Amino acid sequence: MTDIPDATLTTGSAPRASIAPTRSDEVVLRTRNLTKHYGQRLAVDHLNLEVHQGDIFGFLGPNGAGKTTTIRMALGLITPSGGSVEILGQDIATHGARILPRVGALIETPALYLYMSGRDNLRAVASVLGGVPEQRIDTVLELVGLRGRQKDRVGTYSLGMKQRLGVAIALLQDPDVLILDEPANGLDPAGIVEMRDLMHRLTLEGKTVFISSHLLSEVQQICTRVAIINLGKLVTESSIEELTNSRGEFTVAVEQAGEALKLIQAQPWGGAAHLDAKGMLIAPAPSGRGRDLNLFLTRAGFVPDTIAQSTEDLEQVFLRLTNNGSGDIK
Amino acid sequence: MSTMVAATSARQAQLHSATPSFPGILRGEIFKVSRQWTTWIMLVFLTGILILPYLIMLIAPNAKASLAAAPLPFLTDQVETNLAVLRVFSGFFLLILTARVIGLEYQLGTIRILLARGVGRLQLFSAKLLAIVTFALLILIGGLLLDALLTVVMVAILAGNLNALNALNTTFWSNTWLYIVTIMISMGATILLGAAMNAIGRSQVFGLSASLVWFPADNIGTVIMTLAYRVTHNTFWQNVTGYFLGPILNNMPNYLLPKGGLTIGAFPLVTISNTQGLLVTAAYCVIFAAVAVILTWKRDVQE
């Protein structure tokens, strides 16, 4: 995806380090007790989510967890068995025709008219939406880096190019909310970086991005908040920081780690302390603060070389909360 | 410098105020059909088929004498033959077109792009149906104009002048009009059959296969019913063919034209009234339409 200036577009410098998505309190996507049964099987179970304006919201779960069903219900493709979905404050069951044009979506593999060119795909959708000028088609083609292949038949595109065209279709009407199901599917590493940058730029412009993805490292890098579902139930919804720091443990490098461990385990707050595979002491702190753990150990004669807050990456959190991504909720 | 994703505020307002409209959806459907090679290949094929009877007539040994001896019966036979060919082959065209318009949208999964943008299911279905009907009317008008042109050319070649056309009387024009009505009835039933099959199967492959098999199946069905009657001597097997859509559509000229007209294909094995013929056709159309509408409206889109 390229950044090509265009006189018809607003332009501005956006250095990567300064990117700070502007999150507001306005809830742009909310599900209330959203439920879907397929016969006896409960695909989505009383799901409550809140996505705020400016969020890049990661929606995670193992295969079959109910992610795509939830997204399809949010887009009016599947009728919920119970509960509701609100987008921009409106229930989509009753106001879908008015609200959904303000939502751009890419669901699973990109669905495209394979017999038409990339540009004609955009024209076909633009015709249905109405009010989309040809210039906007140029803009989105430029944005996803397909201008050079716009006249080629989509059937000849690679998966990554189809994915880009799917994103272009999603952006066609300059939506307020973008719902992307596996947007990095088929993209090469450079394409993934460009997609990440695009997500950030979208949120800088006040848009909200809802992403379902299996690429947890990507989600950790770009998302502000995540929800994890398993077996149709919400396991957790939190900011990335809260989720990866949520265990309140510290990694301590100290001589005589075994002796220090025994001492901590004898404390009312230290039962969970243990040594990791590298022999490092993993311990909770008396008050939850690292300085108090440092003080306790120092007073006991175990002067720590280093104390660092233990963090998990998103992948570890995901696997822990979803029982290695395959089983029951923990 | 980085290109901003959003449009400028004026454009943004324009884009945000836009919502799917029926004319826009219809335009989109016609645009998609016009971009399919199959549409143009089928049109070329249909044109070739329509020209074929005229070419055969031009090289027939007694054509010139027949035209000179009895111009009205000659032209009546010729026009009815060509309209019968138009009825049968426009049916194939419409079944394929319906599968491309409705079934392919499901098969490619593109239906979700449209519905996820707030396009109503029945709104989209109606637009698709109207696009198909528009093409059907264009085929009918184009086919009639081609037939008229080829008839004039044929008369000019065979007779050396157009005097034979003076023999065409009001009965000829009335019968021709009624024959055109039978084509329109066939087209309507065919489109609704295709719509129902594609709505059931939600794929071009299923929709096209099921709808293409329908008419051969009930035409061959009359042969099977004949055998069943001969084996059992039970008139049920004959009577049931009075409710077969294909044979009834084949025989429609005999229900509508005062003295009947040229028909192609199997007939019902019993004589049925004009009213029954029309009512059974109408009942099939209502059932096909109901199936298509209910399935489109009520089923989740999993594609």
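Biologist: Which residue with positive phi follows H4(A)?

Modeller: In this predicted model, helix H4 of chain A covers residues 134-143. The helix is followed by a residue whose phi is positive, near 75°. That residue is A:Gly145.

Biologist: How many of the 10 residues of H4(A) are buried?

Modeller: Helix H4 of chain A is mostly covered. Its buried residues are A:Arg136, A:Ile137, A:Thr139, A:Val140, A:Leu141, A:Glu142 and A:Leu143. The count of buried residues in the helix is seven.

Biologist: What distance separates the C-alpha atoms of A:Leu234 and A:Gly145?

Modeller: A:Leu234 has its place in strand E11 of chain A, while A:Gly145 comes after H4(A). Along the chain these two residues are 89 residues apart. Their C-alpha atoms are separated by 36 Å.

Biologist: Is A:Leu234 buried or exposed?

Modeller: Leaving out residues up to four places away in sequence, A:Leu234 touches A:Leu47, A:Asn48, A:Leu49, A:Ala227 and A:Ile229. A residue needs 20 or more other C-beta atoms within 10 Å to count as buried. A:Leu234 has 21 of them, so the residue is buried.

Biologist: And A:Leu231: is it buried, exposed or partly exposed?

Modeller: A:Leu231 lies in the loop between strand E10 (225-230) and strand E11 (233-239) of chain A. Its phi is near 50°, a positive value in a residue other than glycine. Buried would take 20 or more neighbours, and exposed would take 12 or fewer. A:Leu231 has 18 C-beta neighbours inside 10 Å, so the residue counts as partly exposed.

Biologist: Is B:Arg202 buried or exposed?

Modeller: B:Arg202 sits in the loop between helix H8 (170-201) and helix H9 (204-232) of chain B. Its phi is also a positive value, near 50°, in a residue other than glycine. Within 10 Å there are 20 other C-beta atoms, so B:Arg202 is buried.

Biologist: How many helices does chain B have?

Modeller: From the N terminus on, the elements of chain B begin with β and continue with α. The β is the one strand of the chain. The number of helices is 13.

Biologist: Which helix gives the largest share of the largest nonpolar core?

Modeller: The largest nonpolar core has 147 residues, and those touching the most other members are A:Ile87, A:Ala168, A:Leu172, A:Ile179 and A:Phe210. The largest share of this core, 17 residues, comes from a helix of chain B spanning residues 71-108. That helix is H5 of chain B.

Biologist: How many residues are in the other core that includes A:Leu281 and A:Phe296?

Modeller: This core lies apart from the largest one. Among its residues are A:Leu281, A:Ala283, A:Phe296 and A:Leu297. Its size is 12 residues.

Biologist: Which strands stand at the edges of the sheet E13-E14-E12-E15 of chain A?

Modeller: Four strands form this open sheet, with antiparallel pairing. An edge strand has a single partner strand, so one side of it is left without a neighbour in the sheet. The two edge strands are E13 (274-275) and E15 (306-309) of chain A.

Biologist: Which residue in E15(A) is the bridge partner of A:Ala253?

Modeller: Strand E12 (residues 249-253) of chain A pairs with E15(A) in the antiparallel sense, over four bridges. The bridge partner of A:Ala253 in E15(A) is A:Thr306.

Biologist: Which helix packs on the sheet, touching E13 and E14 of chain A?

Modeller: Helix H10 (residues 290-299) of chain A lies across E12, E14 and E15 of chain A, at about 150° to E15(A). The helix that touches E13 and E14 covers residues 257-265, and its direction makes about 20° with that of E14(A). This is helix H9 of chain A.

Biologist: Over which residues of chain A does pLDDT stay under 50?

Modeller: Chain A averages a pLDDT of 84, and 90% of the residues score at least 70. Among its elements, strand E1 (residues 11-12) has the lowest mean pLDDT, 32. Where pLDDT is low, the predicted coordinates should not be read in detail. In chain A, pLDDT stays under 50 over residues 2-20.

How values were computed:
Residues numbered from 1 in each chain as written. Chains lettered and ligands numbered in written order. Predicted model: local features only at pLDDT ≥ 70, side-chain atom pairs only at ≥ 80, totals over all residues. pLDDT = per-residue confidence, 0-100. Contact = placed C-beta atoms within 7 Å. Pairing = 2+ DSSP bridges. Axes fitted to C-alpha atoms, helices over the stretch in contact; angles between N-to-C directions. Core = buried A, V, L, I, M, F, W, Y, C linked by C-beta atoms within 7 Å.
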